[in-house]
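Visitor: I'm new to this one and would like to learn how to read it. Could you walk me through it, one feature at a time?

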Amino acid sequence: MGSAPLGSLLGGFLAQGWGLRTSLLVTAAGMMLSPAVMAASPLVRLGRRLPP
């Protein structure tokens, strides 16, 4: 939750520079890619081998 203000600021700059429709499409594409990034993360493998 700490990075939400930074994302809002970046989204505002993106919308101002490229337009609202383009910034929403970039945001949607980024949200669709986030599960793939999390699946490729080394933290996924760490969660499978937690100590008892």
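Visitor: Let me start with a pair of helices: is the crossing of α1 and α2 left-handed or right-handed?

Guide: Keep in mind that this is a predicted model. To judge handedness, you look at which way the near helix is turned from the far one. Here the crossing of α1 and α2 is right-handed. The two residue groups that touch are Leu-14, Ala-15 and Trp-18 on α1, and Leu-20, Thr-22, Ser-23 and Val-26 on α2.

Visitor: At what angle do α1 and α2 pack, and how far apart are their axes?

Guide: The angle is about 135°, and the axes lie 7 Å apart. Angles over 145 degrees would count as roughly antiparallel, and 65 to 115 as roughly perpendicular. This pair fits neither range, so α1 is oblique to α2.

Visitor: Let me step back. How many helices and strands does the protein have?

Guide: Three helices and zero strands. Reading from the N terminus, you meet α-α-α.

Visitor: Which residues make up α1, and what is its reach?

Guide: Helix α1 covers residues 4-18, which is 15 residues. From first C-alpha to last, α1 reaches 21 Å, close to the 21 Å expected at 1.5 Å a residue. Just after α1 comes Gly-19, with a positive phi of about 105°. Then α2 takes in residues 20-39.

Visitor: How many residues of α1 are buried?

Guide: For this you need a cut-off: buried means under 20% relative accessible area, and exposed means over 50%. By that rule, the count for α1 is zero, and the helix is hardly covered. Across the whole protein, buried residues make up 4% of the 52 residues. The protein exposes about 4800 Å², with 74% of that supplied by carbon and sulfur atoms.

Visitor: Where does Ala-15 sit, and what does it touch?

Guide: Ala-15 is in helix α1. Its relative accessible area is 24%, so Ala-15 counts as partly exposed. Setting aside neighbours within four places in sequence, Ala-15 is in contact with Leu-20 and Ser-23.

Visitor: And why does Phe-13 count as exposed?

Guide: Because its relative accessibility is 53%, and the cut-off for exposed is over 50%. Phe-13 also belongs to helix α1. If you want a distance to try on the model, go from Phe-13 to Ser-23: they are 10 residues apart in sequence and 9.2 Å apart in space, C-alpha to C-alpha.

Terms used
Residues numbered from 1 in each chain as written. Predicted model: local features only at pLDDT ≥ 70, side-chain atom pairs only at ≥ 80, totals over all residues. Heavy atoms only, no water. Helix = DSSP H or I, 4+ residues; strand = E, 2+ residues; numbered from the N terminus. Buried < 20%, exposed > 50% of the residue type's maximum accessible area, 1.4 Å probe, protein only. Areas by Shrake-Rupley, 256 points an atom, 1.4 Å probe, with all protein chains shown as cover. Expected span 1.5 Å × (residues − 1). Axes fitted to C-alpha atoms, helices over the stretch in contact; angles between N-to-C directions. Parallel < 35°, antiparallel > 145°, perpendicular 65-115°, else oblique. Contact = heavy atoms within 4.5 Å.
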